Structures are given as structure tokens and as C-alpha cells.
Amino acid sequence: MNSSIISQYFPDLSDIQKQQFDQLFELYSFWNAQINVISRKDIDLLYERHILHSLGIAKVYAFKPGQQVLDVGTGGGFPGVPLAILFPETEFLLVDSIGKKIKVVNEVANGIGLKNLKAIHSRAEQINQKFDFIVSRAVTQLKDFYPWIKGKFKKQNSEGLKNGVLYLKGGDLRQELQESGLKQIKLYPLQDYFKEEFFETKYVVYLPAQ
């Protein structure tokens, strides 16, 4: 199992990045056998369904050097770990309310030598720092998610996309978006970037800080 699918969509990876992506399968296989953070049947599809899926955010926005990104409810480190590999000059803080999942994240990050990632056992509401962007992967409904992170954004200081949330979600999102009451939401279909069938109903939901 190697990371060739990642190189296919991100051809400019450095040798170090390729090596780090390659190492993820062995590390996640080892830790997942002890602390289940990925569905057992999904481990063989790690690169497509977890790593490439996480990197869908990078197709929507390329994080800048020095920016700070919070990953809420990171679980086993998604989307934060793949994004931290892809953007080594951006700082990532990964949080999850389940401590054993954070242990896996830290073991994986240490195993591949990630210097720009910190993972802590915490709830998003307890984080007092402010960030340029907040990322997450299908943790809960947006109407419940946004109150956790409201007020945790830095004032805009970068070009391009306004500071806000980049959220990976799947399925028919119309009702959820309507119920959230949030404004200026934009959907980016991942099938526009990746050809695999898995991505046909997957989106990056962009929500500017409000």
C-alpha cells in the first residue's frame, strides 16, 4: 500500500512529503489495531477515503506560511495530519474530546517527524486561541458545530479566501445548511477535483467567519 494516489493529485510533493505520506499506512495500521480510530474495513482504503479526502480542503484553499489552523474533532488525525504534511510552514492544532484518539495522532505525527502539528485532548469550546481557519470532518451538524468555534477567528490578514471554516461533509446538505441559519456558505464538490466514485457525494463546505 503506497501513497501514489496522493502524488497523482498533488504532483509537486517534496521527497520528504512523499516519504511521510508513505509511512502513514504502516503507522495507522499498527495503531488502529490497538486503538480503533478508523473502521477496520476502511484501513485498506486509507489513502483514498481518509488522506486524499482530507486533502480535498487543499484543493479549495492553500494555507499560507505562518497561518494557524484548528482541527476540531480530529479523531485519528483527519483532516489535520495530511494537511500538516502538505503545508509544513503552517501551524496546526488538533483537538478531540477522546484522549486515546489524540494518543494515536501524536504517535503518528512523531513517527513521521511532523514539527508543525500539536494535538491535545480538549473540547473546541475550551480553546482560547484564535485561528486563521478552522477545519473539521463531519463531526456534527453545522448548527451545532458553529457555536463551538464562534469568536475563535483572527481578523482577516491574508489574501484570498476570508478566514473561516473549511468543513468536509457528504450527502444532501440542503436541509442542514438551511437549518444552520449561517450566511454566505459555499459548497465545493470534491468530484470536481478527484475522479474516484467515493467523492461523488462529498463536499468542502466553506463558511466565512461570522
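In what sense, parallel or antiparallel, do strand E5 (residues 164-170) and E7 pair, and over how many bridges? E5 and E7 pair in the antiparallel sense, over 7 bridges.

The structure is a predicted model, in which local features need pLDDT of at least 70 and side-chain atom pairs count only at pLDDT 80 or more, while totals for chains, interfaces and linings use all residues. Residues are numbered from 1 along each chain as its sequence is written, and side-chain values use heavy atoms, with hydrogens and water left out.

**View 1. The open sheet and its order.** The sheet is open and is formed by 7 strands in the order E3-E2-E1-E4-E5-E7-E6, with mixed pairing. The edge strands are E3 and E6, each of which pairs on one side only. From one strand to the next, the twist averages 20°. Strands (E, at least two residues) and helices (H or I, at least four) are DSSP runs, numbered from the N terminus. Two strands pair if DSSP finds at least two bridges between them. E2 and E3 run parallel and are joined by 5 bridges. Within this pair, leucine 93 stands opposite lysine 118 in E3.

**View 2. Strands E4, E5, E7 and E6.** E4 and E5 pair in the parallel sense over 5 bridges, and isoleucine 134 has valine 165 in E5 as its bridge partner. On the pairing of E5 with E7, leucine 166 stands opposite tyrosine 206 in E7, and leucine 168 stands opposite valine 204 in E7. Strand E6 (residues 186-189) runs antiparallel to E7, and 4 bridges join them. There, proline 189 stands opposite tyrosine 203 in E7. In strand E7 (residues 202-208), 6 of the 7 residues are buried. E5 is also mostly covered, with 6 of its 7 residues buried. Buried means under 20% relative accessible area, exposed over 50%, and partly exposed in between (1.4 Å probe, protein chains only). In a regular strand the side chains alternate between the two faces of the sheet.

**View 3. Helices H3 and H6 against the sheet.** Helix H3 (residues 46-60) lies across strand E4 (133-137), E5, E6 and E7, and runs at about 140° to E5. Helix H6 (residues 142-149) packs on the sheet, where it touches strand E1 (68-72), E4, E5 and E7, and its direction makes about 150° with that of E5. Axes are lines fitted to C-alpha atoms, for helices over the stretch in contact, and angles run from 0 to 180 degrees between N-to-C directions. Contact means heavy atoms within 4.5 Å.

**View 4. Helix H5 and its buried side.** At 1.5 Å a residue, the 14 residues of helix H5 (residues 99-112) should span 20 Å, and the end C-alpha atoms are 20 Å apart, which agrees. The expected span is 1.5 Å times one less than the number of residues in the helix. Ile102, Val104, Val105, Val108, Ala109 and Ile112 of H5 are buried. They cover an arc of only 155° around the axis, so they lie on the same side of H5. This arc is that of the directions from the helix axis to the C-beta atoms. The face turned away from the buried side carries the exposed residues Lys100 and Asn110. The packing partners of the buried residues of H5 are helix H2 (15-34), helix H4 (80-86), strand E2 (91-96) and strand E3 (117-121). Just after H5, glycine 113 takes a positive phi of about 75°.

**View 5. The nonpolar cores.** The largest nonpolar core has 56 residues, and those with the most contacts inside it are Ile6, Phe10, Leu24, Tyr28, Phe63, Val81 and Leu166. H3 gives the most to this core, with 8 residues. A second, separate core of 20 residues includes Ala124, Leu142, Tyr167 and Leu207. A nonpolar core is a set of buried Ala, Val, Leu, Ile, Met, Phe, Trp, Tyr and Cys residues joined through side-chain atoms within 4.5 Å. Leaving aside neighbours within four places in sequence, phenylalanine 10 is in contact with Leu52, Leu55, Ala58, Lys59, Leu86 and Phe194.

**View 6. Arginine 49 and histidine 50.** Histidine 50 lies in helix H3, as does arginine 49. Histidine 50 is buried at a relative accessible area of 7%, whereas arginine 49 counts as partly exposed at 28% relative accessibility. Not counting residues up to four places away in sequence, histidine 50 touches Ile38, Asp42, Leu45, Phe78 and Arg137. With the same residues left out, arginine 49 touches Asp42, Arg137 and Phe198. Arginine 49 and glutamate 196 are 147 residues apart in sequence and 9.8 Å apart in space, C-alpha to C-alpha.
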